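These exercises each set a task and then work through a solution. Keep the sequence and the structure at hand.

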There are 2 protein chains.
Amino acid sequence: MWETADASGIEIIDQRHLPHRFVTAVLRTPEEVATAIREMWVRGAPLIGAAAAYGVYLAARRSEADIEPAARLLAATRPTAVNLRWALDFVQGRIDKSRSGEERALLSLAAARQIVADELERSRRIGEHGLALIREVARRKSVVNVLTHCNAGWLACIDYGTATAPVYAAHDAGIPVHVWVDETRPRNQGAALTAFELGEHGVPHTVIADNAGGHLMQQGQVDLVIVGADRVAANGDTANKIGTYLKALAAHDCGVPFYVALPSSTIDPSIPDGQAIPIEVRDPDEVRFLEGFGSAGLQRVRLVPVGSPALNPAFDVTPARLITAFITEKGVGPIT
Amino acid sequence: MWETADASGIEIIDQRHLPHRFVTAVLRTPEEVATAIREMWVRGAPLIGAAAAYGVYLAARRSEADIEPAARLLAATRPTAVNLRWALDFVQGRIDKSRSGEERALLSLAAARQIVADELERSRRIGEHGLALIREVARRKSVVNVLTHCNAGWLACIDYGTATAPVYAAHDAGIPVHVWVDETRPRNQGAALTAFELGEHGVPHTVIADNAGGHLMQQGQVDLVIVGADRVAANGDTANKIGTYLKALAAHDCGVPFYVALPSSTIDPSIPDGQAIPIEVRDPDEVRFLEGFGSAGLQRVRLVPVGSPALNPAFDVTPARLITAFITEKGVGPIT
């Protein structure tokens with residue numbers, strides 16, 4: 001995500017088309033930003049926070065009266081990731097006391113830019129702290145096998161990513177690292193985005209069905225699991241992409257360390273535990289249909305019988321007791 | 001699966017095309033049966049056992065000298081399901097002492113027919129025993145929610161099925177039952193076959209991504225899990241479709257009863273525990289590509305970047321400690 005040259009909009013990678021096509025889109029209004037977040041042209045907790053901040057700026061740029069409704073519209077796009085609300089609050093705090101519309105536009109732009117810069121710096125530090133964990137494993141293993149679920153890479157996080165930041169840091173430091181990429185049904189962010197990212201960066205990786213991770217852990221083929229987060233409650237319970245809980249259970253059962261990598265903007269101290277985190281339920285057609293690359297280009301196919309309904313919860317909550325430690329920009333340790 | 005009118009072959013449902021098209025195929029040679037098993041035109045532990053038995057019969061019918069190589073060919077098609085080997089041994093035992101080629105053909109046909117009849121009767125009894133478990137839940141719940149993984153229904157088992165036999169029995173007995181159908185990546189036997197079966201039978205069901213089951217259990221939306229098995233070791237460790245282990249972990253963590261339904265032909269007393277069960281690794285393109293129903297009929301699409309490799313283990317082992325009880329034709333209880 002980057003600003004257009006005249007800062008009249010933002011340009012984003014429309015991630016719905018990856019890995020098959022690299023498509024970008026320019027968003028010039030808060031409504032366009034809201035659509036892009038809701039329909040997951042952009043996704044990933046840190047990225048949607050930053051995009052939403054720019055959405056407020058685009059509203060402020062248009063008219064002072066647009067700011068409040070735009071913020072409400074943007075806040076309602078996706079319920080689980082707290083970064084979205086956090087970013088909106090951050091921008092609001094910066095413009096609250098400004099005296100003119102012009103000042104509000106300038107201050108909101110500055111706030112959005114700061115969110116991006118801060119997330120970048122947090123990602124870099126998450127990479128550094130996670131690198132130490134991988135380096136430790138590398139002292140006894142010739143190749144370090146990391147399993148990750150969904151996409152918490154640079155596509156989700158502006159740059160480096162959260163869960164993948166330590167992997168990139170290790171790869172760049174010359175440590176042999178290999179990533180098991182959960183395909184991450186139903187939207188296949190792992191197969192489509194994480195595999196694409198890692199491939200572009202030259203990191204060895206293997207895509208697996210979400211079902212396979214437990215078996216690989218039983219077989220000793222996973223040294224550590226690193227996932228991202230969409231919201232972490234005050235007690236450390238962690239909402240992340242649906243299926244994360246199953247991998248945490250398997251890691252616990254097999255004695256594999258399970259890490260959650262996140263910028264501190266993903267922590268929601270107002271929520272005591274995971275039960276209170278709202279879980280987004282998305283369109284069941286995301287389960288019933290799938291888009292892939294066929295002989296005629298991108299094609300949508302149906303997987304289930306015509307009359308069979310589906311349910312599509314987008315996140316689950318991993319209890320803190322299953323998490324070995326959190327990797328934040330501040331270091332490796334517990335949340336509380 | 002059924003015999004052709006003159007018993008010169010068997011007719012099968014080519015399950016690769018379900019739920020989109022209902023295609024049957026006639027197999028007249030052991031080589032054709034082997035191909036159908038290996039490439040999963042027929043699948044499911046009990047069904048491939050019965051099909052393999054007919055394969056030996058088709059060899060015996062052709063020539064006495066063909067029996068031995070055909071049995072070897074059929075045994076090598078798929079490594080994990082023990083029913084295959086069990087059925088071949090059963091037929092072999094019946095023809096070992098026969099004096100003529102003609103007698104061998106007749107005896108092997110009788111043996112194959114007996115396997116089918118026995119599996120039918122076992123399925124019926126599994127249904128009865130499982131029905132009692134569902135009836136028990138129905139005393140305190142208005143609808144009984146069953147989660148199942150993969151397909152252990154009549155498509156896998158000639159009739160009734162194993163894991164679904166109790167569901168059909170409950171539905172037919174007027175007990176309100178609803179099934180959460182794991183789509184079961186990478187071959188989608190749940191989304192394609194179990195959903196199709198249940199729909200044909202009028203059983204309410206909802207397809208979910210394999211990732212969603214743990215979340216549903218956390219939310220109290222699953223009353224019991226029933227899965228099938230491909231091989232059960234002497235200590236009760238159970239090989240079943242990849243991902244079963246993850247659901248067993250979640251059921252254990254959430255206090256949801258986890259049952260394995262199987263005919264006793266799936267028990268392998270020669271194997272002490274799950275570590276010794278051979279796990280089939282299938283073509284990675286089953287992960288990288290997917291077939292669904294698109295605007296131009298059945299279409300194959302690619303899900304991952306061109307250069308990304310995949311790994312495709314087809315089964316995992318659920319430790320006996322995570323299994324509440326086994327449902328066999330003999331009743332509900334431990335294996336040992």
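**Exercise 1. Charges**

How far apart are the mean positions of the positive and negative charges of chain A?

Solution. The model is a predicted one. Begin with the counts: chain A carries 33 positive and 39 negative charges. Then compare their mean positions, which are 1 Å apart.

**Exercise 2. The overall form of chain A**

Describe the secondary structure of chain A and decide how its radius of gyration fits the globule rule.

Solution. Step one is to list the elements: chain A has 11 helices and 16 strands. Step two is the radius of gyration, 20 Å, which is close to the 20 Å given by the globule rule for 336 residues, so chain A is as compact as a globular protein of that length. Step three is the box around the C-alpha atoms, roughly 60 × 50 × 40 Å along the principal axes. Step four is burial: 63% of the 336 residues are buried. Last come the contacts with a separation of 6 or more, of which 75% join residues 24 or more positions apart.

**Exercise 3. Two copies**

Work out how chain A and chain B are related.

Solution. First superpose the chains: a rotation of 180° with 0.0 Å of shift along its axis places chain A on chain B, with an RMSD of 0.0 Å. The two copies are therefore related as by a two-fold rotation axis. Next, find the residue of chain A that comes closest to this axis; Leu246(A) does, with its C-alpha at 2.9 Å. Finally, check the contact residues: 100% of those in chain A recur in chain B, and the same surface serves both copies.

**Exercise 4. Helix α7**

Is helix α7 of chain A largely enclosed or open?

Solution. Count the buried residues, meaning those under 20% relative accessible area. In α7, residues 165-172, 6 of the 8 are buried, so the helix is largely enclosed by the rest of the structure. They are Ala165(A), Pro166(A), Val167(A), Tyr168(A), Ala169(A) and Ala170(A). Their packing partners in chain A include α5 (101-138), β4 (144-148) and α8 (189-201). After the helix comes Gly174(A), with a positive phi near 85°.

**Exercise 5. Trp86(A)**

Locate Trp86(A) and name its contacts beyond four places in sequence.

Solution. Trp86(A) lies in helix α4, residues 82-95. Its relative accessibility is 27%, so Trp86(A) counts as partly exposed. Beyond its neighbours within four places in sequence, Trp86(A) contacts Ile115(A), Arg122(A) and Ser265(A).

Notes: Residues are numbered from 1 along each chain as its sequence is written. Chains are lettered from A and ligands numbered from 1 in the order in which they are written. This is a predicted model: local features need pLDDT of at least 70, side-chain atom pairs count only at pLDDT 80 or more; totals for chains, interfaces and linings use all residues. Side-chain values use heavy atoms; hydrogens and water are left out. Helices (H or I, at least four residues) and strands (E, at least two) are DSSP runs, numbered from the N terminus. The radius of gyration is taken over C-alpha atoms; the globule rule is 2.2 Å times the number of residues to the power 0.38. Buried means under 20% relative accessible area, exposed over 50%, partly exposed in between (1.4 Å probe, protein chains only). Contact means heavy atoms within 4.5 Å. Lys and Arg count as positive and Asp and Glu as negative; His and the chain ends are not counted. The place of a charge is taken as NZ of Lys, CZ of Arg, CG of Asp or CD of Glu. Copies are superposed by least squares on the C-alpha atoms of residues with pLDDT of at least 70 in both.
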